[in-house]
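Here is a short briefing to read with the structure open beside you. Feel free to jump to whichever topic interests you.

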Amino acid sequence: MNGIQYKKGAELVTDHLLDQLKNGSYSPGDRLPSVEALSKQYQVGRSTIREALSALKAMGWIDIRHGGGTFVREQPQAPSDLLQGWLSEINSLKSLIEVRKMIEVGSAGLAAKRRTDGDLAALADCLQQMEANLEDEAASQQADLMFHVHLAQASHNEILIPMLQLFHQQCARHMGNTRRMWLFGERSSTLQLLQEHRLIYEAILHQNEALASRRMLEHLNKVELLLEKND
């Protein structure tokens with residue numbers, strides 16, 4: 001293994017093979033060495049190699065063809081890519097907003113608990129951008145989106161951040177021009193959205209988790225009603 005210390009145990013063999021698959025030592029379609037060859041290479045029993053290969057198969061990295069050998073598959077998609085592909089198949093804006101409510105209510109509570117001064121500054125800047133662009137539909141929508149993105153970042157949960165970005169992108173795609181114009185094109189509607197975001201910000205500022213979650217739910221309920229009213 002060219003200077004690499006031999007490792008024993010199915011988990012360590014799996015980790016080393018996985019590193020090789022990730023760094024391109026094996027390409028999609030390549031055939032891996034036989035169980036016997038790997039057993040000699042890693043100085044472990046054949047059962048240990050079979051266990052390691054089974055783990056890699058479960059992860060989607062290899063195909064094991066009985067009597068035909070073990071072959072490298074195309075690299076698995078990242079979870080965010082899989083989620084994006086799945087969301088692109090969803091054609092119901094109502095369903096997307098319902099799931100957003102479930103996720104963002106909790107996200108707001110975490111943000112209130114974990115926010116830093118930097119998080120507060122980013123959220124405050126979004127509010128300033130919303131207020132400065134009350135007459136600009138595109139700028140208002142972008143400031144609204146970034147408020148929710150920064151709120152997810154304030155939760156300091158690495159799963160929530162890309163997940164909520166994808167949900168917002170899909171919601172924007174399904175809203176269409178007519179719905180966006182109603183939500184962000186009317187000054188009264190934009191003022192209402194600004195006030196709701198301010199209330200969420202204040203709850204996060206004062207680290208009131210329950211209030212932040214409740215205000216986020218109230219905000220998303222109102223958005224849902226506005227969109228349904230003008231569907």
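The points below go from the overall picture to helix packing and then to single residues. Please keep in mind that this is a predicted model. The protein chain has ten helices and two strands, and 41% of its 231 residues count as buried.

**Overall layout**

- Reading from the N terminus, the elements of the protein chain follow the order α-α-α-β-β-α-α-α-α-α-α-α.
- Of the contacts in the protein chain between residues at least 6 apart in sequence, 71% join residues that are at least 24 apart.

**Confidence**

- The mean pLDDT of the protein chain is 82, and 81% of the residues reach at least 70.
- Confidence is highest in helix 6 (residues 117–132), with a mean of 94, and lowest in helix 4 (residues 79–87), where the mean is 58.
- Over residues 1–8 the pLDDT stays under 50, and the model has 14 contacts beyond four places in sequence for this stretch.
- A friendly caution applies here: where pLDDT is low, the predicted coordinates should not be read in detail.

**Helix 1 against helix 3**

- How do helix 1 and helix 3 pack, and at what angle? Their axes lie 8 Å apart and make an angle of about 50°.
- That angle makes helix 1 oblique to helix 3, since it falls outside the ranges for roughly parallel, roughly antiparallel and roughly perpendicular.
- The crossing of these two helices is right-handed.
- On the helix 1 side, the contact is made by Ala 10, Val 13, Thr 14, Leu 17, Leu 18 and Leu 21; helix 3 brings Thr 48, Ile 49, Glu 51, Ala 52, Leu 53, Ala 55 and Leu 56.
- By type, the residues of this contact are ten nonpolar, two polar and one charged.
- For orientation in the viewer, helix 1 covers residues 10–22 and helix 3 covers residues 46–58.

**Helix 7 against helix 9**

- The axes of helix 7 (residues 137–154) and helix 9 (residues 187–205) come within 12 Å and cross at roughly 20°.
- Helix 7 and helix 9 are therefore roughly parallel to each other, as angles under 35 degrees count as roughly parallel.
- Helix 7 passes helix 9 in a left-handed crossing.
- Ser 140, Asp 144, Phe 147, His 148 and Leu 151 are the helix 7 residues of this contact, and they meet Thr 190, Leu 193, His 197, Ile 200, Tyr 201 and Ile 204 of helix 9.
- Sorted by type, the contact of helix 7 with helix 9 has six nonpolar residues, four polar and one charged.

**Two residues of helix 9**

- Is Ile 200 buried or exposed? Ile 200, which lies in helix 9, counts as buried because its relative accessibility is 0%.
- Leaving aside neighbours within four places in sequence, Ile 200 is in contact with Phe 147, Leu 151, Arg 215, Met 216 and His 219. Phe 147 and Leu 151 are among the helix 7 residues that make the contact with helix 9.
- Ile 200 and Met 216 are 16 residues apart in sequence, with their C-alpha atoms 6.3 Å apart in space.
- Ser 189 also belongs to helix 9 and is buried, with a relative accessible area of 7%.
- Between Ser 189 and Leu 134 there are 9.6 Å from C-alpha to C-alpha, although the two are 55 residues apart in sequence.

**A buried glutamine in helix 1**

- Gln 20 sits in helix 1, and its relative accessible area of 16% puts it in the buried class.
- Not counting residues up to four places away in sequence, Gln 20 touches Ser 25, Tyr 26 and Tyr 42.

**Positive phi in two loops**

- Gln 43 is not a glycine, yet it has a positive phi of about 55°. This residue is in the loop between helix 2 (35–42) and helix 3, and it counts as partly exposed at 45% relative accessibility.
- Gln 207 likewise has a positive phi of about 55° without being a glycine. Its place is in the loop between helix 9 and helix 10 (209–229), where Gln 207 is partly exposed, with a relative accessible area of 41%.

Conventions: Residues numbered from 1 in each chain as written. Predicted model: local features only at pLDDT ≥ 70, side-chain atom pairs only at ≥ 80, totals over all residues. Heavy atoms only, no water. Axes fitted to C-alpha atoms, helices over the stretch in contact; angles between N-to-C directions. Helix = DSSP H or I, 4+ residues; strand = E, 2+ residues; numbered from the N terminus. Parallel < 35°, antiparallel > 145°, perpendicular 65-115°, else oblique. Left-handed = near helix turned anticlockwise from the far one by under 90°. Contact = heavy atoms within 4.5 Å. Nonpolar A, V, L, I, M, F, W, Y, C, P; charged D, E, K, R; others polar. pLDDT = per-residue confidence, 0-100. Buried < 20%, exposed > 50% of the residue type's maximum accessible area, 1.4 Å probe, protein only.
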